[in-house]
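Student: I have not looked at this structure before, and I would like to go through it slowly. Could you take my questions one at a time and reason each answer through?

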Amino acid sequence: VSTQSTWDSINYRWKMMEGGEQLKGINDLHGVSVQDVPADKFIADFANHLEKSGQFPIPQWADYVKTGTHKELAPYEANWLFVRAAAVARQIYIKGSGLGVQTLRTKFGSRMRRGTVSSCEHKADGKIIRYCVQKMEKMGYLDLVLKQVEEEGGKRHDLCSMGKKVSKKGRAEMDKIASQIYKKMHPRKAAAQTLTYHHFTFTTQQLSLIHISEPTRPLYISYAVFCLKKKKKQI
């Protein structure tokens with residue numbers, strides 16, 4: 001049986017199916033990414049992963065430092081540095097590549113209260129973000145993005161840093177954690193393997209080799225009855 005005819009039979013069976021459960025979720029052929037799960041759950045789980053790894057030490061200044069000049073007090077949580085590192089890694093993952101410390105300072109900044117005077121925007125502290133980026137780069141989760149810059153005259157080429165990007169190891173670890181979160185949130189969808197063809201999504205548990213080999217059999221007739229009727233017609 002050719003591949004095209006097999007796909008045509010599957011498509012025909014899908015159109016004939018009535019009351020079948022359609023899974024509007026993640027296609028298992030492509031996997032689950034960080035963008036498919038809620039941000040708060042991923043940041044919490046990835047922060048625990050960084051804390052348990054033992055490769056992300058907490059400096060002494062983490063007990064009393066503030067996350068920005070616009071903040072009044074230091075963070076209360078003991079693992080706040082791991083949470084900030086997980087949030088930084090997620091921002092770099094979503095951006096793709098070329099995200100630097102100054103851009104991250106703007107993303108994690110907020111407005112400063114100044115009493116009767118109107119509030120204004122303040123950036124987050126760059127030391128904390130830079131420390132998180134350096135440690136995750138040392139762990140192999142982040143890579144440096146370099147770009148060649150040509151000076152006037154076209155004689156000299158220098159490599160200029162264009163920010164950070166997520167490495168293959170970091171993307172694999174982050175997608176793995178995201179997949180675990182997705183399975184906890186949608187256990188039924190994660191258990192069923194999905195298959196997409198011509199914008200139709202259906203479960204492979206509802207299709208078998210019998211359905212593919214005998215596409216003309218109605219749903220309400222079992223395979224045994226179908227074979228008996230077919231045998232009577234031949235006689």
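**Rings, a helix and a core**

Tutor: Let us begin with one contact in this predicted model: Arg-171 lies over the face of Tyr-93, at 4.5 Å from the ring centre.

Student: How far apart are the end C-alpha atoms of helix 2?

Tutor: Helix 2 runs over residues 39-53, which makes 15 residues. At 1.5 Å a residue it should span 21 Å, and this agrees with the distance in the model, where the end C-alpha atoms are 21 Å apart.

Student: Within what arc do the buried residues of helix 2 fall, seen down its axis?

Tutor: In helix 2 the buried residues are Phe-42, Ile-43, Phe-46, Ala-47 and Leu-50. Residues three or four places apart point the same way, because an α-helix has 3.6 residues a turn. Asp-40 and Lys-52, on the other side of helix 2, are exposed. The buried residues of helix 2 line one face of the helix, since seen down the axis they fall within an arc of 130°.

Student: Which helices are included in what covers those buried residues of helix 2?

Tutor: The buried face needs partners from elsewhere in the chain, and three helices are among those that cover the buried residues of helix 2. They include residues 80-95, 126-139 and 168-185, which are helix 3, helix 5 and helix 6.

Student: Which helix gives the largest share of the largest nonpolar core?

Tutor: That core has 42 residues, of which Phe-46, Phe-56 and Met-136 touch the most other members. Helix 2, helix 3, helix 4 (101-107), helix 5 and helix 6 each supply at least two residues of this core. The largest share is ten residues, and it comes from helix 3.

Student: What is the angle between the ring planes of Phe-42 and Phe-46?

Tutor: A search of the whole structure finds five aromatic pairs. In one of them, Phe-42 and Phe-46 are stacked, with 5.6 Å centre to centre and planes that differ by 10°.

Student: Is the pair of Phe-56 and Tyr-131 stacked or edge-to-face?

Tutor: Phe-56 is in the loop between helix 2 and helix 3 and Tyr-131 is in helix 5, 75 residues apart, so that the pair links distant parts of the chain. Phe-56 counts as buried at 4% relative accessibility, and Tyr-131 is buried as well, with a relative accessible area of 11%. The ring centres of Phe-56 and Tyr-131 are 6.0 Å apart and the planes are at 90°, so the pair is edge-to-face.

Technical notes. Residues are numbered from 1 along each chain as its sequence is written. This is a predicted model: local features need pLDDT of at least 70, side-chain atom pairs count only at pLDDT 80 or more; totals for chains, interfaces and linings use all residues. Side-chain values use heavy atoms; hydrogens and water are left out. Helices (H or I, at least four residues) and strands (E, at least two) are DSSP runs, numbered from the N terminus. The expected span of a helix is 1.5 Å times one less than its number of residues. Buried means under 20% relative accessible area, exposed over 50%, partly exposed in between (1.4 Å probe, protein chains only). The arc is that of the directions from the helix axis to the C-beta atoms. Contact means heavy atoms within 4.5 Å. A nonpolar core is a set of buried Ala, Val, Leu, Ile, Met, Phe, Trp, Tyr and Cys residues joined through side-chain atoms within 4.5 Å. Rings of Phe, Tyr and Trp (its six-membered ring) pair if their centres lie within 6.5 Å; planes under 30 degrees apart count as stacked, over 60 as edge-to-face and the rest as tilted. A charge sits over a ring if NZ of Lys or CZ of Arg is within 6 Å of the ring centre and within 35 degrees of the ring normal.
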